[in-house]
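This briefing covers helix burial, helix packing and salt bridges in one structure. The sequence and model come first, and the points follow by topic.

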Amino acid sequence: MTELTTPRTEGVVTLRDGRRIGYAEFGDPRGRAMVWLHGTPGARRQIPEEARVFARAHAIRLVTLDRPGIGLSTPHVYPQIRRFASDLSSVVDALAIDDLAIIGLSGGGPFALASGAVFGDRVRAIGVLGGVAPTQGPDAIDGGLVAVGVRLSPVLQWGRVPLGVMLATLLRVVKPLASPAVDVYALLSPEGDRRVLGRPEVKAMFIDDLFRGHPRQFEGPIADVLAFTRDWGFSVSDVTVPVVWWHGDADHIVPFEHGVHMVSRLPHAELRVMPGESHLGGLGIAEEILTALLGLWDLSERTPPLEDVTDPGSDADGAETGGRRSLGQP
């Protein structure tokens, strides 16, 4: 098995209501802080080895979290995804983090955007990797695997706890077969995801995260799906910090059209297409992602907030954009 860079530290933060959020840290404890939010399913160790190594070499303090109901975090269903921002605020305050960037992979995307909407300029940049789009409200779009969750939400709401127990038990049962289980999943996946899962360090990451972490509970993915099917509690237009959105044009879980839709509604966003990649493509370009966010962070320190320098309805060349600014290459 490929050896992975282990977390520099792992622990829990206890929230004011008594719930706990598990976290891990990689990289430089004195560096600029970036929070990486895992996909659905996933936990705090679902972060590419490439990102772990890059963070250490480029003075990045890389923090990962267990969302509620997974790993070390207390089970909980957010009535609105916006509420996650309060939990993240408590965690970063406890870790003495002021400004930060946020990366959201797949199901972590909505939680990253919620934090950007609530935190404002404290968040210097957001990266979204094949992120889930809203299913309710004016920003909603249909299709993709989350649409199935909308139809099943009454069953998931009723059976969340027993389903979580069943999934956790299943993980413990198949743990000895973790490696061939990932291989079988790869065989059933599109070509782009097969390439990503064929990388030994990515396969090792998934096994470490899901099978060797803390599979005592597995309500988190169900709680995520329930949250996706509700109104998020904020509008996409509320996210005024710069966003770079990576999306594979062959994504079979979150359709590429969802990424195009979201970027068209974000005030300051750039879409970076991953040709031929499917849902896991973002896990193979960690250096590009972290470099892009560092560049946006540097830019934010040299210029006023984007809303102060953007002329609504026109870009830098005077072309009509409907108020949306393309970020270009940082």
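Helix H8 (residues 220-228) is mostly covered, with eight of its nine residues buried. The model is a predicted one. The sections below take burial, the packing of two helix pairs, and the salt bridges in turn.

**Buried helices**

- In H8, the buried residues are Gly220, Pro221, Ile222, Ala223, Asp224, Leu226, Ala227 and Phe228.
- Helix H2 (residues 84-94) has Phe84, Ala85, Asp87, Leu88, Ser89, Val91 and Val92 as its buried residues.
- An α-helix has 3.6 residues a turn, so residues three or four places apart point the same way.
- The cover over the buried residues of H2 includes five strands and a helix, namely E1 (9-14), E2 (20-27), E3 (32-37), E4 (60-65), E5 (100-105) and helix H3 (109-119).
- Just after H2, Ala96 has a positive phi of about 60 degrees.

**Packing of H5 and H7**

- Two packed helices are described by the angle between their axes and the distance between the axes.
- For helix H5 (residues 178-187) and helix H7 (residues 200-211), the angle is about 120 degrees and the axes lie 10 Å apart.
- H5 is therefore oblique to H7.
- The two helices, H5 and H7, make a right-handed crossing.
- On the H5 side, the contact uses Ala178, Ser179, Val182 and Asp183; on the H7 side, Lys203, Ile207 and Phe211.
- Sorted by class, this contact of H5 with H7 holds four nonpolar, one polar and two charged residues.

**Packing of H1 and H10**

- Helix H1 (residues 49-57) packs against H10 at an angle of about 40 degrees, and their axes are 8 Å apart.
- This angle makes H1 and H10 oblique to each other.
- The crossing of H1 with H10 is right-handed.
- Glu50, Ala51 and Phe54 of H1 are in contact with Ala286, Glu287, Leu290, Thr291 and Leu294 of H10.
- By class, the H1 and H10 contact comprises five nonpolar, one polar and two charged residues.

**Salt bridges**

- The whole structure contains 22 salt bridges.
- One of them joins the side chains of Asp17 and Arg19, at 2.9 Å from N to O.
- Asp17 has 53% relative accessibility and so counts as exposed.
- Its partner Arg19 is buried, because its relative accessible area is 12%.
- Another salt bridge joins the side chains of Arg32 and Asp298, at 2.7 Å from N to O.
- This pair links distant parts of the chain, since Arg32 is in strand E3 and Asp298 is in helix H10 (residues 286-302), 266 residues apart.
- Arg32 is partly exposed at 26% relative accessibility.
- Asp298 also falls in the partly exposed class, with a relative accessible area of 29%.
- Arg122 and Asp93 form a salt bridge in which the closest N and O atoms are 2.8 Å apart.
- That pair, too, links distant parts of the chain: Arg122 lies in the loop between H3 and strand E6 (123-129), Asp93 lies in helix H2, and 29 residues separate them.
- Arg122 counts as partly exposed at 21% relative accessibility.
- Asp93 is partly exposed as well, at 44% relative accessibility.
- A network of salt bridges links Glu10, Arg44, Arg45, Asp66 and Asp208.

**Surroundings of Asp99**

- Asp99 sits in the loop between H2 and E5.
- With a relative accessible area of 28%, Asp99 is partly exposed.
- The C-alpha atoms of Asp99 and Arg32 are 7.9 Å apart in space, while the two residues are 67 residues apart in sequence.
- Beyond its neighbours within four places in sequence, Asp99 is in contact with Ala33, Arg122, Arg124 and Trp297.
- Of these contacts, Arg122 is the residue that forms the salt bridge with Asp93.

Notes
Residues are numbered from 1 along each chain as its sequence is written. This is a predicted model: local features need pLDDT of at least 70, side-chain atom pairs count only at pLDDT 80 or more; totals for chains, interfaces and linings use all residues. Side-chain values use heavy atoms; hydrogens and water are left out. Axes are lines fitted to C-alpha atoms, for helices over the stretch in contact, and angles run from 0 to 180 degrees between N-to-C directions. Helices (H or I, at least four residues) and strands (E, at least two) are DSSP runs, numbered from the N terminus. Angles under 35 degrees count as roughly parallel, over 145 as roughly antiparallel, 65 to 115 as roughly perpendicular and the rest as oblique. A crossing is left-handed if the near helix is turned anticlockwise from the far one by less than a right angle, and right-handed if clockwise. Contact means heavy atoms within 4.5 Å. Ala, Val, Leu, Ile, Met, Phe, Trp, Tyr, Cys and Pro count as nonpolar, Asp, Glu, Lys and Arg as charged, and the others, Gly among them, as polar. Buried means under 20% relative accessible area, exposed over 50%, partly exposed in between (1.4 Å probe, protein chains only). A salt bridge is a side-chain nitrogen of Lys or Arg within 4 Å of a carboxyl oxygen of Asp or Glu.
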